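Please walk through the structure below, moving from single side chains to the fold as a whole.

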Amino acid sequence: MKMFNVEPTPVMEFSTLFPAENEDYHKRNQLLRDGRDLYECARLRHVINTDGIWHADVVDAANGTRVKASVAIRSDGETITGMACTCTTKDLFNTPKSQSRSPRCVHACALCFMLFYRHRYRSHDGKPHIPYEASAIVDRYLSDRLQSRFFTTNSAEAGRKVAEGLEVLLNFPNNNSGRDNHHWREWLGNRHGCVMLGNCMPSIEESIDNATQTWPKQDTPDLDATLPHGWFTLLESAYERARDVDQLARIYAIYIVQGKNPQDARYVDRLRWMLSGSRELEFKLNTLIDDITHYYRPSKDKWHRDRSNRAYEHLLRVFMMSDEAVKYCNVMHDRDRWCSKRLKETITIDYPEFGGVFASLKNSGAWSQRYDDNLDYDLREFRILLQELAPMLAVNGYTDPIIDDCSELLRTAARGSKSTFRLTVSRHFSDTRRATICRDLIDMVRSNEDPEYSINACPRQILDRAYDGIAAYADPLSKTFLVEDDIQVFTAPVDDSILQQKKPKDFKEALQYVDAVDGKPLTGDYEKDLAIIQTSLQEQLAQRKAAARLEDMTAESNDNVVLDNGQKTDPTDLRECLDNQLAVLYGRQCALDTLDNKDFGVDDLFIPAVTLGQKAKWYCLTPGQLGLCAAEYALRYQRCRQARQDPSLLFRRLTEKGLKRSVTNTLAHMMEAAGMLGFSETPETAEERDALHALRDDSRSEHHQCQTRPERDEALRFLADTLERTNRNFHAPGIHDLAKATDYTSFDRLGFCNDREKSHIVLSMMLLMASMPNQVSSMIVGRPEHAELARLITDKAKATFLELQKLREKEDKEPDYDYKFSHALPLSDTISFAMDMLCDVHERMRNAESNRH
C-alpha cells in the first residue's frame, strides 16, 4: 500500500481534502456522509498508530467480518500529510491537480472522521471536553415544535433545572445516586419500563429516518432536526448545558447498551475520549465500563427476542473484554451466528484455544469471582500498610503515584475484569521497572506478618490475583529493595551464556548462578545473600550522595559561592523582619527561631536531592512550609550579597526542586502582607525585595512545580463559608462562577445599588478574584468605571485578612481536632492559604489603583 503525499491539512479541516470534482457538490457531500456513517457504525477495525501513521481495516456492512479495504493516513494528530488505501481498483475521488492520484475514497474519509472527532473531543490536561452534540439538535427541535429556544442568561443553571425534571420523568439516577441504584441497574440491563414503552415524544418516531441516504443533510444538523433518542436526547442536551460530565457519561452508556441506531457505536469513542487525561477520569471510565458489562442484558425486539447490539460489541472490542464477549456470544449465538465471528479476535485474547465452539471454553478460574464487598475499606487498609512498609512513598503529605496505581490495579483485580486490568497495566505500568516495583510492593503487603496489620482472606485473594497478573509484565530476574529513603531495583548479574543454558525463572533461581556482588561473595543462602545485596546497595547510595555533594562543591567553587549550612552569618535585622512576616501570614509556629523543633526543616533546601524521599519532601508543601523556604532563600541571598558571591546556585537548586515559582509568589505575599498592615519601608524589606527581583529575573524554567496543601478549592470553600458566616444575608457565588463576575462588571453596578447590595457585590468579586485572579482582575484593571469597585475590594481584602488572622490565632491556641481528623491538615493551614489568596487580591487591586493615579 503506497502512501501518497497530500498538501498538509489541519485535521479539523480535513474536508478540504475531498473537494467537489467538476463542481459536483452532491457527490462530494454524499462521500462525506458515507465516510462518517462508516466510522460511526464501527466498521473501522484494528485502528492503530505506528510512528505517526494511522492504520485501519474496513469491514463489510452486512456481518462485519470480511475486510473490504485497508487504509492508512499519515498524521501527527494535528495535521494530515499523507493517505493510502487498498481500494485502488475502485473509482477514486481525486483532486483535479493531483499528480499522484492520492486516494480520496470513502475509507480514507472514514478514518479522517475518526481523527477529526478524536481531536475535537479528547480531554486535555485532565479537563474533560463536553461534545455539545445534542444541544444544536434540541435547539432546532424546540424551535420547530415549540417555537422556543434553550437560550437563557445562565445556560448551566437552566440545563441543571431541565435535567432534574427529566430525571424524575424517566426515573433516571441523578448525581447523588450510587452505582447500586435500582433504576440505574434497570437501565443498563435494558429492563426499565420506559424501554418497553418506546419513544414518547410526539411525532418523533414518524419523522425520524436513520438511513444513510436521507441524513444528515448539509443544511440541517446531523439528525435532520429530530431527536434520535427521544427523551434522552433532551436529557443529553441538558447535561451538556450544565457541563455535567458524570451524567453525560451515563447517557452515553445508555445509548451503548440500548444500541437502537447503527451509529450508536460512536459513543464508545465519545466515552473513552471524554473520560481520559487524568487518573480521576480514567477511574470513572473503568467504573462505568464495569457497570455496563456487569448489568448488561440484550434488548428485545418487538417479538421479545434478544437483539444483537453492534455498539456493545464495539465496546467489547475496544476494551478487549474476552470474558464479557464469551458471555454475550453465549446468549446471542442462536439469534446471530455471526456475533462469534465478529468478536473472535476479542475472545482469543484470553482464550487462544477458541475455535468457534463455546462449550470447549473454560472460565478464567481465579478471575471468575468478584470482590465488591468492603472493597473501598480494603484498599484504604492496603494503602496504609504500604505507606508503613515503604515510608519513602508518602513524605510530607505527598503520596507517590505508584500507590494510586497499585490501588487501581487491586480494584480491577477485585472486580474480576482481566480487560480492565490489562488496560490499567498499559496506562501505568508499561515500563518494566515500574511493573517490577509494583509486583514487589504487593508481595511485601501480602507477606507482612505484623499482627497489627493482619489481612483477612478476601483481600489476600485480591492481592494474589493482582500479583499473578502484574508478574507477567515485570522482570522476573529483578527484585525491589528499600534502601534508606530510596527504592532500588536490583537485577541479578547473570551471564548471558548462563541465561541461555539454564534459563532461570525468577530472581531467587538466578541468584544461584551469581558468585559475587560488587566484590562481595555470595553464600548460596538466599536470605543471607539478600542481606549482602542490601548492604551493597546502601554503600552505592552513600557514594551517590557523596558524588552529588562533591559536584555541588565544585559548582560552588566555580560560581564563587558558598552554601555551607553551618555558616550562620544571617543579618539579625533581616531575620527578625522575616520572622515577623512569617508570624503575620502563617502563625508563630512557623517562626525561624522555632524551626529546629519542627518536623519540617529547610537546612537541606539547597542540597541536591538524590533519593526518592529527599525529592518527595519538596513536592507538596503547606503555605507555612513555603514561607519558611522563602525566608531561608532571602537569608541565603543576602548572605551571598554580603560576601559578594554569585547567587545563581540558589536559583538552580530552587528550580531543580520545583520551588522557584512557589517561593517567588510566597515571598511576594509576605511582603504584601507587611505593606498591607502598614509596616514602614526599612532597609530589611529593601533587601528582601532585591532577593525577590533577582529570583524573578532568573530565566531558568521548572520541569515540575511544587503543589500546595491543602487544595486550593478547599481553602476557597472555607473563605466562602467564612464570608457567609460573618456577613448577614450574604450568599457566596460558586467559587468558579466566572459568569457571575462578568455580570457584575458588565457595567458600573455600584451606582445603582444600596449599601447592602454594594457590600455583597464587593464580597463576591473578592471571592471570585481569589479563585480566578487573572480572569477576574482583567475585568477591572484598566477600566476607569470600576475604580470604586477596585478600591472597595482592596479595603475588603485587608479587613478580611485581619479577621482570618484573629481566627488563626484562636485556632493555634485551641486547635479544632475534628477538622484535622476529617481534612488531614490543621485548620490553621487552610486559613493561611486563604490569607495568601487575599494578599494576592489586595496586591492586584492596589496596583490597579496606583496605575490609575
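Arg 160 is partly exposed, its relative accessible area being 21%. In this predicted model, the side chain of Arg 160 meets that of Asp 244 in a salt bridge, with 2.8 Å from N to O. The pair connects distant parts of the chain, 84 residues apart: Arg 160 belongs to helix 4 (residues 155–170), while Asp 244 sits in the loop between helix 8 (231–242) and helix 9 (245–258). Asp 244, at a relative accessible area of 8%, is buried.

Two further salt bridges can be set beside this one. Arg 446 pairs with Asp 443, and their closest N and O atoms are 3.0 Å apart. Both residues lie in helix 19 (residues 432–446), and because they are three residues apart there, about one helical turn separates them. The general geometry is that an α-helix has 3.6 residues a turn, so residues three or four places apart point the same way. Asp 443 is partly exposed, with 23% relative accessible area. Elsewhere, Asp 301 forms a salt bridge with Arg 305, where the closest N and O atoms are 3.5 Å apart. Asp 301 has a relative accessibility of 19%, and since buried means under 20%, Asp 301 counts as buried. Arg 305 is partly exposed at 36%. Over the whole structure, a search finds 39 salt bridges.

Next comes helix 16, which runs over residues 375–389. Its 15 residues, at 1.5 Å a residue, should span 21 Å, and the C-alpha atoms at its ends are 21 Å apart, so the expected and modelled values agree. Which residues of helix 16 are buried? They are Leu 375, Asp 378, Leu 379, Phe 382, Leu 385 and Leu 386. These residues cover an arc of only 125 degrees around the axis, and therefore lie on the same side of helix 16.

Helix 2 (residues 106–121) contains Phe 113. Is Phe 113 buried or exposed? With a relative accessible area of 9%, Phe 113 is buried. Leaving aside residues up to four places away in sequence, Phe 113 touches Phe 14, Leu 32, Gly 35, Arg 36 and Tyr 39. For one of these partners, Arg 36, the separation from Phe 113 is 77 residues in sequence but 6.0 Å in space, C-alpha to C-alpha.

Now to the nonpolar cores. In soluble globular proteins, nonpolar side chains tend to be buried together. The largest nonpolar core here has 82 residues, and Tyr 633, Leu 659, Met 765, Ile 793 and Phe 801 have the most contacts inside it. A second, separate core comprises 59 residues, among them Tyr 239, Tyr 255, Cys 339 and Ile 347. Within the largest core, Ile 793 can serve as an example: beyond residues up to four places away in sequence, Ile 793 touches Val 762, Met 765, Met 766, Met 769, Ile 780, Val 841 and Met 845.

Finally, the chain as a whole. It has 36 helices and 13 strands. Of its 853 residues, 51% count as buried. Among contacts with a separation of 6 or more, residues 24 or more positions apart account for 71%. The exposed area of the chain is about 40,500 Å², of which carbon and sulfur atoms supply 48%.

How values were computed: Residues are numbered from 1 along each chain as its sequence is written. This is a predicted model: local features need pLDDT of at least 70, side-chain atom pairs count only at pLDDT 80 or more; totals for chains, interfaces and linings use all residues. Side-chain values use heavy atoms; hydrogens and water are left out. Helices (H or I, at least four residues) and strands (E, at least two) are DSSP runs, numbered from the N terminus. Buried means under 20% relative accessible area, exposed over 50%, partly exposed in between (1.4 Å probe, protein chains only). Contact means heavy atoms within 4.5 Å. Accessible areas come from the Shrake-Rupley method with a 1.4 Å probe; for residues, only the protein chains shown count as cover. A nonpolar core is a set of buried Ala, Val, Leu, Ile, Met, Phe, Trp, Tyr and Cys residues joined through side-chain atoms within 4.5 Å. The expected span of a helix is 1.5 Å times one less than its number of residues. The arc is that of the directions from the helix axis to the C-beta atoms. A salt bridge is a side-chain nitrogen of Lys or Arg within 4 Å of a carboxyl oxygen of Asp or Glu.
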